[in-house]
Amino acid sequence: MNAMKVFALNATGSFGGQVAEALGIKLAPHEERDFEDGEHKARPLVSVRGQDVYVLQSLHGGPEQSANDKLCRLLFFAGALRESGAARVTALVPYLAYARKDRQTKARDPVTSKYMALVLESVGIDRIVTLEVHNIVAFQNAFRIQALHLDTRSLFAAHVQDTMGQAHIVVVSPDPGGVKRSQLFRETLENRLRRDIGSAYLEKRRSAGIVSGTHLAGEVSGATVLILDDLISTGGTMIRAAEICLEHGAASVVAYAAHGLFVGDASTAMLSPSLGRVVITDTVPPFRLDAAARERVEVLSAAPLFAKAISRLHDDGSMAELTEG
């Protein structure tokens, strides 16, 4: 692709390689160096002057680099690209750290989603592309630059069609805040399967870290229930939702989430008999799960979504098919 460079920082190198393969190009070379005192530097090894530049970096914590380390590397690398004359810098962030804290829920709370926008903009990033943030409205309103939100509807709908296309399906949101996400997924499924798909949602209350609420709005009896959420953290929300659906007569439950963080006792949760299957994307590798739990989790690649986004953005094509809203 003419006058375009795609970089993937080392922590996201495997995912970036898949994106480049889908685009039919090679990743542009760069250097990352770590120093004895914990500092580091990153720089492009090819000219980017006057070019449209894309940088892939997923901001989840990992065994070698924390979310903060990865953020710092992305900021410094983006700054170096602008210093080197890049015409436009787009940050492609498969998992955006700190996006969940998008409002004050207690006195003097930080609003980290807004602060993330400020620091990313400050180094000259022109555009950010991410996948399935917790609150799309808060995400879009936090940024002054173009902020594009990819969703997993087409990816997950294709999986449903391939694995359970003939089943009686009901899409369930595990909380009222996810109803819009579930509604859009249900509509995508209906268009793809060409038949009606049911919907339901659960109430959810959180206080001092304790989740409660058992009311289910909607009918799930005899259905294959698809519980859709933006991420799985400890797995507690998914297990609670699955158990309530089964108590109301659901035949089976499959959990879908864009990001699998799998912290705390998530390995135990993933082995729960209430979940028939758990499907996530590879924005966050499931490295925290033990071997037994990992066998219960199916990982779909989000790399083709990001490859399509790069291609369409570079060619000034429509993003409507890839984005929510």
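This passage describes the nonpolar cores, one helix and one pocket of a predicted model. Residues are numbered from 1 along each chain as its sequence is written, and side-chain values use heavy atoms, with hydrogens and water left out. Local features need pLDDT of at least 70 and side-chain atom pairs count only at pLDDT 80 or more, whereas totals for chains, interfaces and linings use all residues.

The largest nonpolar core (buried Ala, Val, Leu, Ile, Met, Phe, Trp, Tyr and Cys residues joined through side-chain atoms within 4.5 Å) has 33 residues. Buried denotes under 20% relative accessible area, exposed over 50%, and partly exposed the range in between, with a 1.4 Å probe and protein chains only. Val55, Leu81, Leu96, Leu120, Ile128 and Phe143 have the most contacts inside this core. Two or more residues each come from strand S4 (52-56), helix H2 (67-83), strand S5 (88-93), helix H3 (112-122) and helix H4 (136-142); helices (H or I, at least four residues) and strands (E, at least two) are DSSP runs numbered from the N terminus. H2 provides the largest share, 7 residues. Another core, of 30 residues, lies apart from this one and includes Ala223, Ala255, Ala257 and Ala269.

Residues up to four places away in sequence not being counted, Leu81 touches Phe7, Pro44, Val48, Val53, Val55, Ala86 and Val89, contact being heavy atoms within 4.5 Å. Met116 is placed in helix H3 and counts as buried because its relative accessibility is 5%. Beyond its neighbours within four places in sequence, Met116 contacts Leu59, Leu71, Leu96, Ala97 and Tyr98. Met116 and Tyr98 are 18 residues apart in sequence, with a C-alpha to C-alpha distance of 7.3 Å.

In H1, the buried residues are Phe15, Gly16, Val19, Ala20 and Leu23. Down the axis of H1 these fall within an arc of 140 degrees, so they line one face of the helix; the arc is taken over the directions from the helix axis to the C-beta atoms. Ser14 and Glu21 are exposed on the other side of H1. The cover over the buried residues of H1 includes strand S1 (4-8), S4 and helix H10 (303-314). Gly24, which follows H1, has a positive phi near 75 degrees.

H1 (13-23) and H2 are the elements that give two or more residues to the lining of the second largest pocket, and H1 gives the most, 4 residues.
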